[in-house]
Amino acid sequence: MFLINCPFCGERDQSEFSSGGEAHIVRPKQPTELSDDEWAEYLFMRKNIKGIQFERWNHVHGCRKWFNVVRDTSNDKILSVYKMGEKPPVNYK
Amino acid sequence: MPNYRIHKTEYIDETKRVSFKYDGKTYFGYEGDTLASALLANGIHLVGRSFKYHRPRGIVSCGAEEPNAICQIGSKKDLTEPNVRATELELYEGLEASSQNCWPNVKFDIGGINNFISPLIPAGFYYKTFMWPKSFWKKVYEPLIRLSAGLGKSPTGPDPDIYDHKYVHYDVLVIGGGVSGIIAAKMAAKNNLKTLLVDDKKILGGSTIYQNNESIKIDDKLSSEWLKNEIQEIKKLSNLTIKTRTSIAAYHGYNFLLAKENLTDHLPEEKKKNKIRQRLWKIRAKKVIIATGSIERPLVFNNNDRPGILLSNSINKYLDYYGVTCGENIILFTNNDSAYETSISLHKKGIKNIIVDLRKSASSELIKQAESLGIKIYFNHVVTNTFGYRKINSLEIMKLSEDGNTTIGNKIILSCDCLGMSGGWTPMVHMHTQSGGKLDFRDEDQVFLPKENSEDQISVGSCNGDFDLENIIDKTVNKINKFLEIDNQDYQDTNIICSKENDKRNIWLLPNKIPLGKTKCFIDFQNDSTAKDIKLALKEGFRSIEHVKRYTTTGMATDQGKLSNMHALGIIADTAGVKMGTLGTTTFRPPFTPLTFGTLVGRNVGKFFEVVRKTSMHEWHVENNAEFENVGQWKRPWYYPKNGENMHDAVQRESKSARDSAGILDASTLGKIDIQGTDASEFLNRVYTNAWSKLAIGKCRYGLMLNEDGMVYDDGVTTRISENHYLMTTTTGGAANVLSKLEDYLQTEWPELDVYLTSVTDHYSTASICGPNSKKILNKLFPNLDLSDENFPHMSFKEDKLKNINCRIMRISFTGELSYEINIESKYGHSLWKMCIEAGKEFNLTPYGTETMHLLRAEKGFIIVGQDTDGTMTPSDLQMDWIVSKKKYDFIGKRSLYRSDTVREDRKQLVGLLTDDPKEVLEEGAQIVSDVKSKPIDMLGHVTSSYFSPNLNKSIALAVVRSGKTMKGQKLIIPMENKNINVTVSDTIFLDKENKRLNA
Ligand SMILES: [Zn+2]
């Protein structure tokens, strides 16, 4: 079970959080301009990486804030945690 | 009765005699015994029958790895427990245990016949044989297998014991209290690290604590004496918590571990009462030191499974720790030095024994000591067979060829009453692998070792393959110093003398003159799989260890193959001609030893099992005979039966009153979200399908919320309380998810919006009064409020006081009747309700529950999200195109509404159904077809809501049907088990299409 360092509350048990899937998928500003394929790309397609993955987490049983997590899915190590709208503190490929 | 207890030890209290029952017969042991040691002291080896062949089986080990001595504890239906290892169960007064894997009894076992037909039961037998005929499985095979398999009985009553959970945080957790663990704990705690040491046994010290061989010394003391001193020392350390009788069940990522502490299992029945039986520790440790030791390997030879055949080291422990000898004429069969310790211990206590050693020769100090005591040693010999049915009585040995592949020379028969076997040691790497650690293979002694790759965890001592006590300072102490980043010097001058050497001659499957097919060389004692089975699996094409394991069931019993996995791997490697290290191992999964459900659940039983939410009117509902329905965690009144009414009658009465006069519903459970901020209107525009900007203050509007995929997600009425203040209602079940979803958009997609969301579901209680007389009742409650249609029309909102308490009143309707919802702070909810009931008396105001609510809304064709929708329905599918704004540029899900799939005309669409026989009520969920003759029948959809309407005096239903929108007036069929029901597709609104009642 992960220990997640909420950028607002500090280190807490995973049971306080819920995962929100892949991060940095921006909702298109003008969805009506998109073709079915382009919209489907936004709506359905996710990378599901083995390795370094950028994810969204919500401190749902805490401050209710959403934030971003860099996690290596091959060993579950959380490499970095940062707020919405921020860039990850270190550059990961 | 024979007595095999031959000497006193400090661990057995001979002043405290303990009586216990085993298989119905009474025996005696002493405080300090395990069930296994007490049985052996009584001369009992036979403790069960094997799983498949029902061969007699005896105690093999003295610990968690025990495959045979598995018993059922207790005879009461609520307290009985299966799968308890007699080797771990501490004896207590009044213990009742029975052997598990035999029927009708351990000495005469009907399944023993399997032993004679065993050529018919090869690997995969159960898969191959019981496949056919199919109908035989449930009626014949399964009951028979279950009856004779004897996997133990589950308790049938609720568990009366108390269990507990505890969360703890430590700097360092040390698993295992042997020499390495004790050293680790001392080093950590003395260096200001908050440390927890756990050990599954009653006392610390591992196998060294009873070690009394003169040739193994630490600082000139017997190793056991030295260790006792160390234990005394660490008990004084204030930074160190020691938990004995505590075993780690699971090692999860991020150093999160579960440990089970046994608190009362060793106490007599009367002392167990009202105490916590077991406690589950949920441990977070910054660093973990694994010192779980190693277990001795058996050897794989013909008939290696007879009662009286034990692991050599276990014979030693029964002797030196419990004072019990496993026989009077013992043979030790080994491929390494450790059996010599057992031999010398036995010799000292006057027990005759001889050694059969696979090795050609060996010359350590220990062996010289054995030789000088006159112990007979057969070097370069192998046991090729054993004899005796209920217990071993003799065995056969032969000389090994030069290469070890065959046997040569004459058979020698040796008589004995016990055989000890030692195939070397297997490091207990379970904890390391459970945590996600990988393993390396060390060829020289054929062991898997932890591959260190984490800064948070190390393995030390023999679980790390460091079997050599002499190197403990180099290997363990220095490693711990580095790992904990400390500089502890306590052990730098410790002087260790150990006369054992590590060489062994490893042969996984020992050679025999008899063809393999005619031998019984057991690998997994508990699941009865043999070397032959493994070879057969390979012959049949299985290669992966995971497949071989499943096909032969090797390592899949309750012991998880602690004794068998290595041999299975070794034989596969040898047969396939590959290096063992390249095969990998099977996965070790938690729990390490079986856990009871009680321990896992802890205190969360009965009314603590799940959170129950009750409205502030709940007590009134209870007093007034309500039947309740669970909606999410909420308890909602379902219906209020009067004078023994059944549900149907109650619902007919409630719904009729609501339409004829007045009804009242507790609507407090609806989700309520307070929305404030200068961008609140814009926010609603984006989350609902319809437009919100023009909603006047004091007005209410129904909204439909979609997912981004265009499917209906939730619905409810939202009220504009002031310019920048809205109150949104959601479905009862959807409240938490809607809030979460809205927060998600607000925080991640539209952070520029000035909007604040607060859940106020629990803050307000709601009484909903509907029916033609509802206005009169409202007037009695709020005499100063102008209730005229001009001042307070449908879909609007007013505030007023009820005895000085503020109320929010909405004129909104889910029933189609004139209807008001009164919201009040929850602490006044109960009073509000009672005042409504009082005011409504003269109008026959009838409380109704969720069932009537569902019926009333169905008459009006209002959907319930989650009942009439299932996450695949668009607004258009629901014939609700009217609520989707054409003007708005964007809202959640808008783009998906014209994807090629969502505009398909043959989607399932919501329709009404009327049965040809108006008395016939359809079953919700029933399938809908147009033609029952064509095969396969084309399924068009299903019924989503169905009721008998007392107001219309006929059956009505809502359904989703393929292309339903175009089918109005068409005949369809609902095929049921015994008949076909004819229906006609209708409009979804069955009552008052003109909405006259809303303004009645
Ligand atoms: Zn937080």
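## Salt bridges across the structure

The structure contains 66 salt bridges over all chains. The model is predicted. Side chains of opposite charge can pair when their charged atoms come close.

One of these pairs consists of B:Asp164 and B:Arg603, whose closest N and O atoms are 3.2 Å apart. The two residues connect distant parts of the chain, being 439 residues apart: B:Asp164 belongs to strand 8 (residues 162-175) of chain B, and B:Arg603 to the loop between helix 16 (597-601) and helix 17 (618-623) of chain B. B:Asp164 counts as buried because its relative accessibility is 14%, under the 20% limit for that class. B:Arg603, at 43% relative accessibility, counts as partly exposed.

## Further charged pairs in chain B

A salt bridge also forms between B:Lys186 and B:Glu233, with 3.4 Å between the closest N and O atoms. B:Lys186 is in helix 5 (residues 179-190) of chain B and B:Glu233 is in helix 6 (residues 223-235) of chain B, so this pair ties together parts that are 47 residues apart in sequence. With a relative accessible area of 5%, B:Lys186 is buried, whereas B:Glu233 is partly exposed, with a relative accessible area of 39%.

Another salt bridge joins B:Arg442 to B:Asp445, and here the closest N and O atoms are 2.8 Å apart. B:Asp445 has 11% relative accessibility and therefore counts as buried. In addition, B:Asp164, B:Lys243, B:Glu261, B:Arg279 and B:Arg603 are joined into one network by salt bridges that share partners.

## Overall organisation of chain B

Chain B has 1000 residues, of which 59% count as buried. Its secondary structure comprises 23 helices and 50 strands. Taken along the principal axes, the box filled by the C-alpha atoms of chain B is roughly 115 × 70 × 55 Å.

Among the contacts in chain B with a separation of 6 or more, 66% are between residues 24 or more positions apart.

## The interface between chains A and B

The contact between the chains involves 30 residues from chain A and 29 residues from chain B. Together the two chains bury about 2,500 Å², and 45% of this area is on carbon and sulfur atoms. Of the area that chain A buries against chain B, 29% comes from A:Met1, A:Arg27 and A:Arg64, more than from any other three residues.

Six salt bridges are counted between chain A and chain B. In one interchain salt bridge, the side chains of A:Arg27 and B:Glu708 meet at 2.5 Å, N to O. Polar contacts across the interface amount to 22 residue pairs, both residues being at pLDDT 80 or more. On the side of chain A that touches chain B, helix 1 (36-44), strand 4 and strand 6 (77-83) of chain A each supply at least two residues. Helix 1 of chain A gives the most to that side, with five residues.

## A buried arginine at the interface

Which strand of chain A holds A:Arg56? A:Arg56 is located in strand 4 of chain A. This residue counts as buried because its relative accessibility is 14%. The side chain of A:Arg56 makes a polar contact of 2.7 Å with the side chain of B:Asp744.

Leaving aside residues up to four places away in sequence, A:Arg56 touches residues of chain A including A:Ser19, A:Glu22, A:Trp66, A:Phe67 and A:Met84. On the chain B side, A:Arg56 touches B:Asp744 and B:Thr748.

## The zinc site

Which protein atoms are the donors of the zinc ion? They are the SG atoms of A:Cys6, A:Cys9 and A:Cys63, together with ND1 of A:His59, and they lie 2.0 to 2.3 Å from the ion. The angles subtended by the four donor atoms are 104 to 116°, which makes the arrangement around the zinc ion tetrahedral; the rule requires all angles to lie between 85 and 135 degrees.

The sequence spacing of the donor residues is C-x2-C-x49-H-x3-C. Within this set, A:Cys6 and A:His59 link distant parts of the chain, 53 residues apart: A:Cys6 is in strand 1 (residues 3-6) of chain A, and A:His59 is in the loop between strand 4 (52-58) and strand 5 (66-72) of chain A. Both A:Cys6 and A:His59 are buried.

Notes
Residues are numbered from 1 along each chain as its sequence is written. Chains are lettered from A and ligands numbered from 1 in the order in which they are written. Side-chain values use heavy atoms; hydrogens and water are left out. Donors are N, O and S atoms within 2.8 Å of the metal (3.2 Å for Na, K and Ca); water is not among the atoms, so sites may look incomplete. Four donors count as tetrahedral if all angles lie between 85 and 135 degrees; four count as square planar and six as octahedral if opposite donors are over 155 degrees apart and all others between 65 and 115; anything else is irregular. Helices (H or I, at least four residues) and strands (E, at least two) are DSSP runs, numbered from the N terminus. Buried means under 20% relative accessible area, exposed over 50%, partly exposed in between (1.4 Å probe, protein chains only). Contact means heavy atoms within 4.5 Å. Buried area is the accessible area (1.4 Å probe) that two parts lose on being put together, summed over both. A salt bridge is a side-chain nitrogen of Lys or Arg within 4 Å of a carboxyl oxygen of Asp or Glu. A polar contact is a pair of N or O atoms within 3.5 Å; within protein, one must be able to donate a hydrogen and the other to accept it, and residues adjacent in sequence count only if both atoms are side-chain atoms.
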